[in-house]
Structure formats: C-alpha cells, structure tokens
Amino acid sequence: MSEGRRIGGPLLEVEDVSLAFGGVVALQGVSFDVREHEVRAIIGPNGAGKSSMLNVINGVYHPQRGTVVFKGRRRRRVDPHEAAKQGIARTFQNIALFRGMSVLDNLMTGRNLKMKRNVLEQALYLGPARREELEHREKVEAVIDFLEIQHVRRTPVGRLPYGMQKRVELGRALAAEPELLLLDEPMAGMNVEEKQDMSRFILDVNDQMGTTIVLIEHDMSVVMDLSDRVVVLDYGRKIADGTPDEVRRDRRVIDAYLGVAH
Amino acid sequence: MQFFFEVLIGGLLAGVMYSLVALGFVLIFKASGVFNFAQGAMVFFAALTTVGFTSMGAPFWLAVALALGVMAALAFLTERVVLRPLVNQPQITLFMATIGLAFVIEGVAQLTWGANVRALDLGVADEPIEWLMDRTGMNVSKFDLVASGIAAGLVAVLAVFFNKTRTGRALRAVADDHQAALAVGISLQRIWVIVWITAGFVALVTGLLWGARNGVQFALTFLALKALPVLILGGLDSIAGAIVGGLIVGASEKLAEVYLGPYVGGGIESWFPYLLALGFLLVRPEGLFGERRIDRV
C-alpha cells in the first residue's frame with residue numbers, strides 16, 4: 001500500500017438494502033460501507049447480486065427497502081443522472097461505450113456535467129463555448145496519456161479490441177473526475193497481460209488521484225491483490241466482510257465458492 | 001447530352017428539398033429511436049405559422065423568429081405530454097403516439113390560421129438562371145439553386161453542432177446507448193427537447209422553402225411520405241444518408257420520368273422512388289449509410 005493514500009471515514013454507506021424483481025430476490029438486507037480512498041471489492045458466485053448492488057448505488061435500480069448514504073447524505077430515489085452529478089462514475093460489465101464515436105469523443109462525454117456553456121452558445125459556436133471545449137479537451141488528454149491510449153485517440157470505439165474498449169470505458173469514467181468509481185468486472189474476458197495492465201491502472205487511479213473505488217471481480221487473485229476490504233455476497237445476502245485475508249479463510253466463503261460437503 | 005444534364009441537375013436540386021424533409025426524421029430517430037410520423041405536420045405547422053404572423057403585419061424575419069419560438073414550445077410540450085409518459089415503451093407505441101401527434105398539430109395549425117392555401121414569397125423567383133441559359137442553354141431554376149444553398153448551409157451548421165459541441169456529443173451519445181449516456185450524467189429529457197427543437201428548426205426551413213414553391217397548404221404534410229424512400233435508401237440513422245438518399249431520389253425520379261416515362265404512358269415520377277426503395281429493401285435493408293444491425297438469436 002502506498003504512503004500517499006490515507007483511508008478516511010465512510011464515503012458510502014449501504015444500509016439494509018433489499019431488492020426484488022417480482023418474486024426474484026436479488027438483494028436481501030445487505031449492509032456495508034466504503035471508506036474514502038479505499039478499494040472495496042464485492043465478490044460472490046454468479047447471481048449473487050453483485051451487479052444489482054452496483055446498480056443500486058448508481059441509481060439504476062431503486063431498492064424496496066434500505067437506504068444508501070453518500071457523502072453523509074441519505075438519499076431516497078436517485079437516478080443515474082443525479083448519481084453522476086454527485087460524483088459517481090461507473091463502467092459496465094458488458095461495455096457500454098458509444099460505439100460509433102471516437103475514443104476522444106467518448107471521453108469528452110465524461111466531461112459532460114463539468115461543462116457549463118448553454119445550448120445556444122454552443123449552437124452558435126461562440127468564443128466562450130469554444131474555449132470551454134479546449135479547456136476540457138486538455139483534461140481529457142491527460143486521461144488519455146494516463147491510460148496510454150494516445151495511438152487510438154481518433155479511432156471509433158467499435159473498432160477497438162475488447163481489452164482496449166474496457167480501458168476506454170475506464171477513461172470515460174475517469175474523465176468525470178469522480179469521487180466514487182464503480183467498476184463492474186473491469187477485467188472480465190481479458191488475457192493475463194491485459195489484466196496486469198488494468199490492475200496497474202486501477203491501483204494508480206486510487207493512488208495518484210485518491211479516487212475511492214468499488215469493484216466487482218471474479219478473478220480471486222486480482223481481488224486479493226487490489227482491494228483493501230472485500231464484501232462477499234451469496235444469493236443476495238452478505239456472508240462475509242473484511243480484509244482479503246480474513247475473507248479467504250472464512251468457512252462460509254469457501255463453501256459458497258467450492259460448494260458444501262454433505 | 002445537354003438535356004440529360006439539365007434533367008439531372010433539376011432532379012438533384014429537387015432532391016435537396018427531399019433531403020431536408022428526411023433530415024428532420026433522421027435527427028429524431030437517431031437520438032430517441034422514434035420514427036416521428038409528425039414531421040410532415042411540423043413542416044406544415046411551421047410554414048403556416050410564419051405566414052400567419054406575416055399576415056398579421058410582422059416583418060418576415062420577425063415572423064420566422066416567432067415561428068421558431070412556437071416550434072420550440074411545441075418541442076417542450078411534446079416531450080412533456082407525449083414522450084415522457086411513454087418512456088421505455090416499445091417503439092411501436094411511440095410511433096403510434098407520433099401519428100396522434102401529427103393529427104393534433106394539423107388540427108391546431110388549421111384551427112389557428114385557417115385552411116386556405118397561402119402564398120409565401122421569399123423574394124427569389126422560380127425562373128431559369130439567365131447567365132447559365134445563355135452560355136449552355138440549360139434551364140436551371142434560380143429558386144432551386146438558392147434553396148439548395150440554404151439547405152447546404154443548414155447541414156453544415158448541424159454538422160458543426162453535432163461534432164464540435166458538448167450537446168452535439170451528448171446527442172450522439174444518447175443515440176448510441178441510453179444506459180451509458182445516463183451513467184455519464186446526460187439527461188435524456190433535456191436531450192429530447194433539444195432534438196425536437198432542432199427537428200422543429202429543420203421543419204421550419206423545409207416548410208418555408210416548400211411553401212414558397214408550392215404554396216403553404218395542407219399538402220405539405222404529405223412531404224412526410226416523400227421522405228420515406230429517401231430514408232430507406234439512405235438509412236434511418238444517418239445524416240449523410242438523408243442527403244445522399246434525397247439526391248438519389250430526386251435525380252432518379254426525374255430521369256425515370258423523362259427516359260422511362262414515355263414507354264409506360266408517363267406519370268411515373270410520383271411512384272418511381274417507392275419502387276426504388278422497395279428494391280433497396282430487398283438488397284440492403286439498412287440503407288446506404290445506416291447502421292447494420294446484427295441481432296443475436
């Protein structure tokens with residue numbers, strides 16, 4: 001762990017959240033917290049409710065019970081749009097990029113909320129609107145440099161290989177300069193080399209920008225290396241919570257992953 | 001040969017006017033996946049409103065500005081009353097809603113301004129360009145040329161808006177992926193209003209140009225039907241497609257009328273584009289520039 005990073009108080013608190021789709025229960029009374037500047041992992045077998053949890057945090061789903069407190073503010077119903085305004089950015093399990101647009105344009109959409117010039121000024125392409133474009137362009141270029149994707153800057157995202165698209169999606173989230181970054185399986189489907197790159201980027205983001213990160217991941221070794229604390233879900237319930245070492249030794253976690261002997 | 005070019009140029013210039021109509025459809029379809037059947041009604045409404053204001057004594061430019069304001073109000077209302085309650089409904093539902101919207105707009109337009117055919121004079125006569133007539137003997141309409149110039153300007157402005165500004169990027173983003181757009185903090189409702197205002201603006205330009213040529217009348221609403229083959233040729237979600245599609249439709253219908261018409265007794269201009277579109281549907285259903293959809297089965 002690096003010296004520059006100091007884990008602070010709770011940034012996000014999930015309290016007793018339950019979510020059901022009709023008769024299917026996705027989450028049942030889940031509580032945990034995420035502290036400032038930490039990397040928090042959510043793991044669990046398929047269908048454990050990990051993505052649902054992320055979708056609750058970023059306002060895609062509204063839980064039937066329980067609350068989410070972000071930056072000390074208890075919120076009732078939040079839409080993804082408002083969550084983004086509050087400083088939450090995310091990536092998706094099945095990449096959700098704007099495929100027809102260039103890498104640069106995709107990252108620029110990440111700056112959307114930071115740009116203030118109104119539609120009329122933009123439509124007329126007035127000086128202030130143009131200057132604003134340039135200002136934000138600089139920030140985006142910094143993200144591009146950081147992620148080492150300079151060479152594909154102008155390429156339409158749809159034409160990039162899968163691993164690269166994942167990286168661009170991370171870039172779009174970073175462009176928003178979020179306080180909380182949600183990563184839904186950032187390394188799914190990657191080869192070893194790509195995974196190493198992505199791990200390095202995630203650690204650097206956390207380290208250099210101080211961004212708090214919540215990530216979902218299947219690859220246990222990755223999770224153990226990256227995260228400060230781990231939540232384990234199984235069938236929509238929290239079955240363990242602690243440091244990677246604690247979680248690894250937990251009987252119920254081992255059972256959930258390997259099956260229980262009868 | 002000279003005659004061929006004369007017909008071709010006339011056709012292309014007419015095609016630009018079709019492109020304009022199609023452009024309005026493409027804008028809304030791209031951003032919201034809605035096929036806006038009311039675009040024709042909007043063209044009619046915009047033109048009629050302008051003429052209405054001028055007949056009340058307003059100077060032309062003021063009337064245009066007022067009409068633009070009315071179209072913007074219409075966009076707000078449409079988003080509020082029609083689109084927002086139907087969010088996440090199947091596309092066909094939204095399509096049906098726009099058919100209803102078309103009737104409402106047509107009704108309101110005629111209720112407010114009356115149902116008479118009105119003349120609209122943009123100050124450019126529909127007569128041959130003498131300079132060109134003297135040199136080459138070709139008959140090219142001055143009005144058509146000016147109209148094409150205006151259309152080209154409009155497309156250029158839209159291109160800059162779409163490619164160089166935040167809102168333009170947000171529009172393209174919404175067209176690409178709703179979920180991802182929400183996650184980066186783009187408000188769908190706001191974007192829809194902007195798209196409908198833009199489509200209203202295009203409808204206004206279209207209405208003024210068509211109205212100046214054919215008179216501002218109810219028949220303008222049928223322009224929507226003329227846009228269909230253009231859209232099928234060019235692809236529903238491509239601005240470039242709308243332009244090229246319009247040019248192809250314009251040129252081919254005039255050429256077909258002149259060269260094939262005599263063999264079948266003439267009058268094929270009105271249905272030839274649909275035949276062409278039908279052929280296209282068989283060969284390339286996504287259109288020339290449309291996005292090819294590959295669905296998982």
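Begin by selecting helix 10 of chain A, residues 251-258. This helix lies across strand 9 and strand 10 of chain A, and it runs at about 125° to strand 10 of chain A. Before going further, note that the model is predicted. The predictor assigns the complex an ipTM of 0.74 and a pTM of 0.78.

**Stop 1: the six-stranded sheet of chain A**

Next, display the strands beneath that helix together with their partners. They belong to an open sheet of six strands in chain A, with the order 6-7-8-3-9-10 and mixed pairing. Which strands stand at the edges? They are strand 6 (88-90) and strand 10 (237-242) of chain A; each has a single partner strand, so one side of each is left without a neighbour in the sheet. Viewed along the sheet, neighbouring strands are turned by 20° against each other on average, direction ignored.

Within this sheet, select residues 180-184 and 212-216 of chain A. These are strand 7 and strand 8 of chain A, which pair in the parallel sense over five bridges. To find one such bridge, pick Leu183(A): its bridge partner in strand 8 of chain A is Leu215(A). As a general point, strands of a sheet pair through backbone hydrogen bonds, either parallel or antiparallel.

Now add residues 50-57 of chain A, which form helix 1 of chain A. Helix 1 lies across strand 3 (39-43), strand 6, strand 7, strand 8 and strand 9 (229-234) of chain A. Its direction is at about 150° to strand 7 of chain A.

**Stop 2: the four-stranded sheet of chain A**

Move to the other sheet to be visited in chain A. Here four strands form an open sheet in the order 2-1-4-5, and the pairing is antiparallel. The edge strands are strand 2 (24-35) and strand 5 (73-75) of chain A, each of which pairs on one side only. The twist from one strand to the next averages 20°.

Select residues 10-21 of chain A to highlight strand 1 of chain A, which runs antiparallel to strand 2 of chain A and is joined to it by eight bridges. Two pairs may be located here: Leu12(A) stands opposite Val34(A), and Pro10(A) has Arg35(A) as its bridge partner. What do strand 1 and strand 2 of chain A form? They form a hairpin with two residues between them, and Gly22(A) in the turn has a positive phi of about 60°.

Then add residues 65-70 of chain A, which make up strand 4 of chain A; five bridges join this strand to strand 1 of chain A, and the two run antiparallel. One of the pairs to pick is Ser18(A), whose bridge partner in strand 4 of chain A is Arg65(A).

**Stop 3: where the two chains meet**

Show both chains. The contact between them takes 21 residues from chain B and 26 residues from chain A. On chain B, helix 6 (142-164), helix 7 (166-176) and helix 8 (178-183) each supply at least two residues of the side that touches chain A. Which helix of chain B gives the most to this side? It is helix 7 of chain B, with seven residues. By class, this side of chain B has 10 nonpolar, five polar and six charged residues.

**Stop 4: helix pairs within chain B**

Hide chain A and keep chain B, whose mean pLDDT is 86, with 98% of its residues reaching 70 or more. Select helix 6 of chain B and helix 9 of chain B (residues 188-214): their axes come within 11 Å and cross at roughly 180°. That makes helix 6 of chain B roughly antiparallel to helix 9 of chain B. To see the contact, show Phe143(B), Ala147(B), Ile150(B) and Leu154(B) in helix 6 of chain B, which meet Val202(B), Val205(B), Leu209(B) and Arg213(B) in helix 9 of chain B. These residues divide into seven nonpolar, no polar and one charged.

Finally, select residues 223-234 and 239-259 of chain B. They are helix 10 and helix 11 of chain B, which pack at an angle of about 120° with their axes 8 Å apart. The two helices are therefore oblique to each other, and their crossing is right-handed. Among the contact residues are Pro229(B) and Leu233(B) of helix 10 of chain B, and Gly245(B) and Val249(B) of helix 11 of chain B. The contact as a whole has eight nonpolar, four polar and no charged residues.

Note on methods. Residues numbered from 1 in each chain as written. Chains lettered and ligands numbered in written order. Predicted model: local features only at pLDDT ≥ 70, side-chain atom pairs only at ≥ 80, totals over all residues. Axes fitted to C-alpha atoms, helices over the stretch in contact; angles between N-to-C directions. Parallel < 35°, antiparallel > 145°, perpendicular 65-115°, else oblique. Left-handed = near helix turned anticlockwise from the far one by under 90°. Contact = placed C-beta atoms within 7 Å. Nonpolar A, V, L, I, M, F, W, Y, C, P; charged D, E, K, R; others polar. pLDDT = per-residue confidence, 0-100. Pairing = 2+ DSSP bridges.
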